[in-house]
Amino acid sequence: MPYAIVIGAGVVGAATAHALTVAGAQVVVLEGGQVAAGCSAATFAVDITRVKTPPALFDLALASVAEHARLQRADADQAWVHPTATLEWEETQADRQRLRERIRRLHRCGYPAEWLAPQRVRAVEPALAMPPQGSDEEPTEVAFYPEGGWYDPPAFVRALLRRAKRQGASVHVNDSVIGMTVDDGRITEVCTASGQRLTADVVVNCAGPQAAGIAALAGAELSVRQIAGMVAITTPVHTGLQTILAAPDLNARPHLGGRVMLHSWLIDRELEDTPASRRRALAEELLRRAGTLIPMLSQATVEASRVGLRPVPPDGLPIVGFPSEVANLYTVVSHSAIHLAPILGVLAARELTGDRQHRLDPFRPTRFRPGADRPQAVDESTRTMLARIEASNGCETADVR
Ligand SMILES: Cc1cc2nc3c(=O)[nH]c(=O)nc-3n(C[C@H](O)[C@H](O)[C@H](O)COP(=O)(O)OP(=O)(O)OC[C@H]3O[C@@H](n4cnc5c(N)ncnc54)[C@H](O)[C@@H]3O)c2cc1C
């Protein structure tokens with residue numbers, strides 16, 4: 001069984017390290033900061049099955065829901081899976097058309113999704129302020145997804161790393177990987193900031209938004225965009241919120257201890273030009289917008305706001321496998337990794353212990369040609385995110401398909 005160094009202790013590193021130890025590998029995790037303190041601590045963290053395309057990625061998303069559930073059943077101490085239904089509606093003609101197409105696609109796949117009449121929306125989600133019945137503002141097409149839910153990523157990371165440690169893994173925090181020696185196309189040594197010099201059969205790059213920098217240390221090319229996003233967490237308040245709301249330009253969901261988590265593409269769009277000192281004001285703006293949707297939020301304040309850098313591969317699909325340049329550097333990096341980490345970890349561990357996984361073939365790093373133009377995003381959730389973040393203020397969402 002191989003000796004593996006896993007770089008990064010976010011959701012992807014934790015899932016991969018855990019699966020590797022279960023498969024019998026010896027594992028050392030090297031984390032530059034604290035565990036679950038990168039993007040995995042600054043994320044909306046909901047199930048994204050409904051927006052995952054093409055079919056190979058949709059299938060992985062379904063498999064990851066099952067894997068989250070399997071891991072959760074085996075861990076009574078940490079609860080990270082919170083099953084919750086989702087309501088979604090859109091405002092503009094183009095976005096409504098896209099939502100209809102999505103529902104048709106999901107029906108073809110047998111994934112549960114239905115349209116709710118406004119009265120049913122009021123019954124399913126009493127926390128929501130719906131415009132008066134029959135008014136022009138009342139959304140007439142509200143999609144309801146009974147499955148899915150939200151995750152608590154720090155609880156997931158803690159649980160999986162604890163289990164990995166029980167199986168013999170060691171986890172080193174506050175010790176960044178700062179260099180690698182490569183000899184004849186193989187990494188022969190990994191150097192850390194504290195002066196450790198480690199050797200391993202395989203080095204697994206789970207550094208999320210910093211994964212390109214890790215690849216560069218080994219002389220490999222990896223393209224990963226860092227796309228900033230903010231979530232705000234309210235103080236505990238009795239909103240009675242039952243569902244995840246995917247509303248035009250606002251996402252809201254229940255959070256731990258009676259809190260509500262908020263996210264908006266409009267706020268993400270502002271982040272690049274907003275100094276860190278003004279981010280608090282953005283979070284308060286987010287809460288103000290949410291108050292028009294969930295009136296009880298007028299009694300809450302912003303308890304915390306967090307900005308994360310999403311690791312986004314050029315075509316939006318996960319990158320899993322060996323690059324062509326280095327024989328023993330394995331990459332596991334993905335957008336939507338809170339949802340996808342469990343299945344990516346399991347499949348990566350099977351490959352690294354000798355069992356090639358053809359399900360991963362559409363996601364190989366070698367699909368990108370060096371120097372080629374950036375490919376268009378093929379995953380629906382990435383296309384939507386880029387269109388909403390990059391659209392200029394006030395414009396209808398661009399259709400980038
Ligand atoms: C606003 C927002 C909303 C989101 N919503 C969702 C959602 O609803 N559903 C979903 O599934 N996903 C969502 N995501 C995306 C998801 O959060 C990320 O895909 C996921 O957190 C990435 O996990 P990771 O483990 O790859 O990266 P990280 O959590 O960033 O972990 C990487 C780790 O590597 C470490 N590291 C980096 N460099 C080094 C080094 N040189 N040496 C040692 N360690 C190093 C870092 O310190 C870090 O701890 C969202 C993201 C954002 C920002």
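1. Ala, Val, Leu, Ile, Met, Phe, Trp, Tyr, Cys and Pro count as nonpolar, Asp, Glu, Lys and Arg as charged, and the others, Gly among them, as polar. On that scheme, the shell around the ligand holds 19 nonpolar, 16 polar and two charged residues.

2. Some ground rules. This is a predicted model, where local features need pLDDT of at least 70 and side-chain atom pairs pLDDT 80 or more, while totals for chains, interfaces and linings use all residues. Residues are numbered from 1 along each chain as its sequence is written, and side-chain values use heavy atoms, without hydrogens and water.

3. Which residues are closest to the ligand? They are Glu31, Cys39, Ser40, Val46 and Val177, out of 37 that surround the ligand (a heavy atom within 4 Å).

4. Look at the backbone next. A backbone N or O atom of Gly32 sits 2.9 Å from a ligand nitrogen atom. For Ala45, a backbone N or O atom is 3.2 Å from a ligand oxygen atom. The protein covers 93% of the 1,000 Å² of accessible area that the ligand has on its own (Shrake-Rupley method, 1.4 Å probe).

5. Domain 1 (3-78 + 152-224 + 313-374) and domain 2 (83-148 + 229-308 + 382-390) each give the shell at least three residues. The domain bounds come from an automatic or database assignment.

6. Is His339 buried or exposed? His339 is buried, with a relative accessible area of 1% (buried is under 20%, exposed over 50%, partly exposed in between; 1.4 Å probe, protein chains only). A polar side-chain atom of His339 lies 2.9 Å from the backbone oxygen of Ala61.

Note on methods: Polar contact = N/O pair within 3.5 Å; in protein donor to acceptor, adjacent residues only side chain to side chain.
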